[in-house]
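I opened this entry to follow one strand through its pairings and then to look up the contact between two chains. My notes are below, in the order in which I looked.

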Amino acid sequence: MNQPHRNASSAPLLQASDIHVRFDVEGEIHHAVRGVSIDVAEGQTVGLVGESGCGKTVSMLALVGLLASNAEVSGRITYRGNLIKSHAELVALRGSTIGMVFQDSMSSLNPLLKVGVQVGEAVRRHRGLDRKAAKREAIRYLEQVSLPEPDHVYHAYPHELSGGERQRVMIAGALACEPELLIADEATTGLDVTTQAEILDLLSSLRDSRGLAVVFVSHDVGAVAELCDDLYVIYGGRSVEAGRTSEILNEPRHPYTRALLDALPGMEVRDRLTGIPGLPPLPHAFPPGCAFAPRCAQAMGEQCNEPPPLFTMKSGRRVECWLEGAVTGD
Amino acid sequence: MLQVFVKRTFRGLVLAFVAVNLVFFVVHVIGDPVGRSLPLDATPEQYAARAESLGFDRPLWEQYTDYVGDVARLDFGDSISTQAPAMGSVLTRFPRTFLLVGVGMGLTALIGIPTGVILATTKRRWVDRLGNSLTLTALSVPQFWLGILLILVFSLKLGWFPTSGIGGWKHVVLPSIALAIGPLGKTIQITQVTLRDELQKPYIRTARAKGLSEGRVLYHALRNAGVAVATVFSHETILALAGYTVLVETVFAWPGIGSLIAEAISNLDIPLTSAVVVAVLLVVVVANSLVDIMYRRLDPRIARGLK
């Protein structure tokens, strides 16, 4: 199921650099994303991990222009080398180019429409098929996400399906637009572990069979890391460490990455769960320098009150931490 | 479904029985129906004769059993004040109220729902503000006052519409506007508020992420706002059908069921009041059942008893 070193074609599909998102909350500016850069190559699988509220979802929503109207997005986004110059161009990418699957399939599907209709409407929109043809296609997509009796499921309403089935329906809806890139935003959160594994299995087999590029957004490193070619560790609205998944898992450099990996439950019974002390900072109260410094076991005092420098290692791995300078001397 | 129907019919019958009893006792306790049907200067002899002819001289118990028996056979007798068959008056009057309510609520739906949609989706602050103040005005205008104002302006001053009474389509315009104003305010408000709410929900984000057109996204939200809008709308319709039109009917001298209720009660006319009450009850019970069926169509979760 996991092929971390697949030979993904290296042609860049989506390149987002220096993305900033500011929310205007009743006149107060919340700077939720502060310069995140993400590259996704064709057919590549990328993971965005970090605690809840660190800006993962917000950065992804910014990429498809799905943020609320009080959000201001800046930065540079190119798709297949074409610079996206306006919100309208961003909106045009939705569905047919970039698909999204969301958390909480109960509220993310319309409760009053048959699930088949919710899959079929995407087909109608993007391929201009009539009602009947769209229905046939919808059933085909429901079959592709391994739903049993797709003809029957077509007529079901979301509340009549299980959480796992609903999540499959949502994936079918995204696939029906025939995207090149699929963003799975906490797509398995809230499902039980078995179902979670099934959904991840489904997503990776779809990725392989269709050559889809996939971005997994998750607070659960353990769940998605093994599927991802590249990993971005997001904290305080910045990507604090980014690089090949295998390298990061073998040798995490940023103290936050280490803390995140240490917090994973191990297989041995003696293991006590080690949490990360403290809470992630809120977007309106990010510390001036390194956002992780207040919780960091290796904080170096005064220095950490300044924005940390970016170190790019030979392998392309990027780490934002004062320790890198101290340890490696660069 | 059949079970629901049986339950409803039974509940309707119980309600009708209670209402018919109330009519009888209230009229006998608070009033003097015989005196009310005679001129003020009637002699005691005339009074006694009238009481005998109407059967009011018999023991109360006998009157009661006769009355309930007749009503049970749907025989309401003749109106005390007009001597005409009571159910006959009801049957001539009800269609006129249906017409008034039909046109009024039709206007409400045609204007109210689109206006609510515009107010919920507009990004222009001035549209929002203007809409909200108009809605508030619609909500707070008293029906009878608006009726008089409409007559003053459009009948007396401009002469576009007749002042009152029934006749051609022109007679319907002003009273149905006066009737629609309150429901219109409520319909706009509920459409705006629920739609705005629905548009914030995660399924809307999913719809947008699929690249659907804004029209289709709006359809998603409208389907969900529909239940709340339908609730308010049908509530207003049923109120109007139950005789809430009395003010408008009085101002425009519109001989519908509302003014019939008012006449029957002020004359302590037991046969007529009972006929009206039973007819209104029937209409309300039927309308409520239709509303229930509509809910089931609007929300599959209701049909399966999940909500």
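**Strand β10 and its partners**

I began with strand β10 of chain A, residues 238-244, and found that this strand is mostly covered, since 6 of its 7 residues are buried. I keep in mind throughout that this is a predicted model.

I next looked up what pairs with β10(A), and noted that strand β9 of chain A, residues 230-235, runs antiparallel to β10(A) and is joined to it by 6 bridges. As one register point for this pairing, I recorded that A:L231 has A:G243 in β10(A) as its bridge partner. The two strands β9(A) and β10(A) make a hairpin with 2 residues between them, and in the turn I found A:G236 with a positive phi of about 55°.

I then turned to strand β12 of chain A, residues 318-320, which is also antiparallel to β10(A) and is connected to it by 2 bridges. Here I wrote down A:E241, whose bridge partner in β12(A) is A:V319.

**Contact between chains A and B**

How many residues does each chain bring to the contact? I found 25 residues from chain A and 19 residues from chain B. On the side of chain A that touches chain B, the elements giving two or more residues are β6 (98-101), α3 (105-108), α4 (115-127) and α7 (163-175). Of these, α4(A) gives the most, with 4 residues. Sorting that side of chain A by class, I noted 12 nonpolar, 9 polar and 4 charged residues.

Definitions and conventions
Residues numbered from 1 in each chain as written. Chains lettered and ligands numbered in written order. Predicted model: local features only at pLDDT ≥ 70, side-chain atom pairs only at ≥ 80, totals over all residues. Buried ≥ 20, exposed ≤ 12 C-beta atoms within 10 Å, placed from the backbone. Pairing = 2+ DSSP bridges. Contact = placed C-beta atoms within 7 Å. Nonpolar A, V, L, I, M, F, W, Y, C, P; charged D, E, K, R; others polar.
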